[in-house]
Structure formats: C-alpha cells, structure tokens
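Please work through the exercises below with the structure open beside you, and try each task before you read its solution.

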Amino acid sequence: MGSDSSLLLLFLCVATAAIAAANAQTYDGCDNELPSELAGNYSGLDCRTVWNTFVLRYSQSKDHELSIVVSTIYTTGWVGMGFSKDGLMVGSSAMVGWMGKTGLHHVKQFLLKGQTSSQVVANEGNLLLSSGSEPKVVVDQAKIYLAFKAKFSQKVTKQQILFAFGSSIPVDNKLTKHTDKISMAFDFSTGSTAAGAYPHNLKRSHGALAIFGWGVLAPIGAIIARYCKRWDPMWFYLHVGIQFVAFIIGLAAVVAGVALYNKLHANLAAHRGLGIFILVLGILQILSFFLRPNKDSKLRKYWNWYHHWVGRLTLFFAAVNIVYGIHVAEAGTSWKAGYGFVLSVILLTTIVLETLLWTRWSGKTVDPPTY
C-alpha cells in the first residue's frame, strides 16, 4: 500500500511538472518587458499576442495618436505591420523593420502599390508618423521590436491590419517576398481580433472547382469517349452528360476566378489568360455538339477532327493552368500532392487503356478509332 502511494505521488509530481513545462513553453510575449531603448517613449501600452509569436503593444492618446510596438522572434530578414482599408495588401501602407548585414537597424514606411517587389515603394505611404518620435527598431535577445507612432484624424477603433515577415534582408530598400502573412481586423478600443477580409474561401473554391471540373470530370468524359465505344449508345450519353457537368463546374471556377481578381487585383496575366482560353475552347466544344453532322455526311470526318483535337487542347491547357495556379497561389503541399495524384491516375489509366486499344486493333484490318 505504501509503495502504491509513493508511485501515485511520484506520478502526480511528474504530471504537475510536465503541465508546468508545457505552460512555460506557451508563448506569451506580453510577459516580457520592453527593451530599455523603448521603455521611455512606449510605456503603459496594452498588449495582445495576435499571431504566432507576433505581439502587438499599443495605446491611443486623446488626440488620436497610436503608439505601436510590434515584436516577434527574429533571426534575420524583415518584419512588417500594415494598415489597410479592406484587409488586402494592395493599397495599404506598412511600417517595416530589419537589421542589416552590418548590424545597422532600419525602419521605413512602404506603400504597397502591388504584389511585386518593384511595386512595394519605400519612403511612401499614407501613415502620418509623429514628428516628435522617430520610428525605431531594436533587436534584443533573439527578438525584434518595431516601434512607431502615427496620428489619425479620428479615434481608431476597428482597423484592418496586416502582419508579415520575410527571411531575406532587404537590399537598397527592396523587400523580398514575404515568407508568411496574415490579415485581421483589430479593435484598438477592446483589443479583440477577427478574421480579415482576405477571400480565403473564395480562393479555395476557385481552385477546387477548377480541379474537379477541368481536371477530373473532363478527362473522365474524354476517356469514356475513346475507350468505351463498345457500349453503344451508353458511352455517348455518359460522355455528353459528364462533359456538360464538367463545363458547368469549370464555368463556375471561372466566375469565382473573376470575383477573386476583382477583390485582389492580382497580377497573374498568364493564369488569367489561360483560363479565358480554356473557357473559349470549352464553349466551342459545347457548340460542336449542336452542330454535329450526321454519320453519313461528308463533313463528319472534319467535325471529328475538330472535336477531338480541340478537346485534347482543352485538357492539356487545363492541366497546365491548374498546376500553374497551384504554384502562384502558394496553395501548399496538400494541393500539389492531391492534384499530382489525380493527374498520375488519369495518365496511367490512359496509357493502359491506349495500349489495350492498340493491341486489340493491331490484329484487325479496320483502322483504330481516331479518338
């Protein structure tokens, strides 16, 4: 009995120690004091951990001056905080700080005119910085502190803000692409946060619809048309039905893409151009169904040639644009692996069925099908 009690006591001690260690490892930068270089001008600030290791300290004076200190874990690169009207990057003004290769600290305001490095312009922006307190960057104990004061025409309550960081040190005030970012609505009167206006769901819907419509259903419909003609007329009805549904879903992907562009104004001319081209090819395929000549018509072989090759072009460019879209959207490993698996299955199935088809027709005098 005494031995059991000792083991129980030992277990409770270990469990308590483990819980304490876990709590100690939970990051709460608000428990840390500001470096001495900032303590004088930025004392008495409210504090919130807003994103990962990003900590926002803030206060607002009666004349609507915001005192801001942003801090996070730091090794190299840059850290920034932006103010946006709609939660989007383009059009916002951001304060960015970093430590140069020589150890000098830099802090500048940037105007985010676009999403490329050349469109992120230093020493411009709409933030009215306080003349009585220069912005400052401090690197202390593996953390970077970005401090500044900005004046506003009225009390700041709920404000769309951006946080971002990059792993490369800026050269000649040129910011490299961010490693990660977030958009949120922060209420400076209550300290509460909410999801930003960035259209994540619309972006995911656009990608999912494009993959399912153009990248899954359309190839299945084409496979049925080429390899299932023994089951006449079932193959024809399946082919028409699947391709029609694929076109509707693909059209929905295009509509979602247009809505996404209207929100983000992303500079993706190649992706957008390919999407329009694929849609036009899809419309041509739908029209060809209604203009199909009779089997005994002299025009039928030309229609077949047109229909087959426009279909193949549609599938090819759709696959290219899906891969390119996943890349430019930085969709992540799950999207790449998912569509990679789908594309691999489609290609492997096509190779096997094509081999069987030509093997079956090789011993016959009749020419193999053109599609």
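The exercises that follow concern a predicted model, and each one is solved step by step.

**Exercise 1. The chain as a whole**

Task: Find how many helices and strands the protein chain has, and what share of its residues count as buried.

Solution: Begin with the secondary structure, where the protein chain shows seven helices and 13 strands. Next turn to burial: the chain has 371 residues, and 38% of them count as buried. Then consider the surface, which comes to about 21300 Å², with 63% of this area belonging to carbon and sulfur atoms. Finally look at the contacts with a separation of 6 or more, of which 61% are made by residues 24 or more positions apart.

**Exercise 2. A hairpin**

Task: Describe how strands β1 and β2 pair, and find which residue of their hairpin takes a positive phi.

Solution: Strand β1 covers residues 46–51 and strand β2 covers residues 54–60, and the two pair in the antiparallel sense over five bridges. Within this pairing, Cys47 is found opposite Arg57 of β2. The hairpin has two residues between its strands, and Asn52 has a positive phi near 50° there.

**Exercise 3. The span of a helix**

Task: Decide whether the end-to-end distance of helix α6 agrees or disagrees with the span expected from its number of residues.

Solution: Helix α6 runs over residues 300–328, which makes 29 residues. The expected span is 1.5 Å times one less than the number of residues, so for α6 it should be 42 Å. The end C-alpha atoms of α6 are 41 Å apart in the model, which agrees with that expectation. After the helix comes Glu330, whose phi is positive and near 50°.

**Exercise 4. Two salt bridges**

Task: Locate the partners of Lys113 and Arg226, and state whether Arg226 is buried or exposed.

Solution: Recall that side chains of opposite charge can pair when their charged atoms come close. The cut-off is a distance within 4 Å between a side-chain nitrogen of Lys or Arg and a carboxyl oxygen of Asp or Glu, and by this rule the count is two salt bridges.

- Lys113 pairs with Glu124, their closest N and O atoms being 3.5 Å apart. Lys113 sits in the loop between β6 and β7, while Glu124, eleven residues apart from it, sits in the loop between β7 and β8. Lys113 is partly exposed at 46% relative accessibility, and Glu124 is partly exposed at 33%.
- Arg226 pairs with Glu354, with an N to O distance of 2.7 Å. This pair links helix α3 (residues 200–227) to helix α7 (residues 333–362), across 128 residues. Buried means under 20% relative accessible area, so Arg226, at 12%, counts as buried, whereas Glu354, at 21%, is partly exposed.

**Exercise 5. Backbone details in loops**

Task: Find which residues a cis peptide bond joins, and where Asn123 and Asn173 lie.

Solution: The cis peptide bond joins Asp232 and Pro233, with omega about 5°, and Pro233 belongs to the loop between α3 and α4. Asn123 has a positive phi near 60° and lies in the loop between β7 and β8; with a relative accessible area of 56%, Asn123 is exposed. Asn173 also has a positive phi, of about 60°, although it is not a glycine. Asn173 lies in the loop between β11 and β12, and at 24% relative accessibility Asn173 is partly exposed.

Notes: Residues are numbered from 1 along each chain as its sequence is written. This is a predicted model: local features need pLDDT of at least 70, side-chain atom pairs count only at pLDDT 80 or more; totals for chains, interfaces and linings use all residues. Side-chain values use heavy atoms; hydrogens and water are left out. Two strands pair if DSSP finds at least two bridges between them. Helices (H or I, at least four residues) and strands (E, at least two) are DSSP runs, numbered from the N terminus. Buried means under 20% relative accessible area, exposed over 50%, partly exposed in between (1.4 Å probe, protein chains only). Contact means heavy atoms within 4.5 Å. Accessible areas come from the Shrake-Rupley method with a 1.4 Å probe; for residues, only the protein chains shown count as cover.
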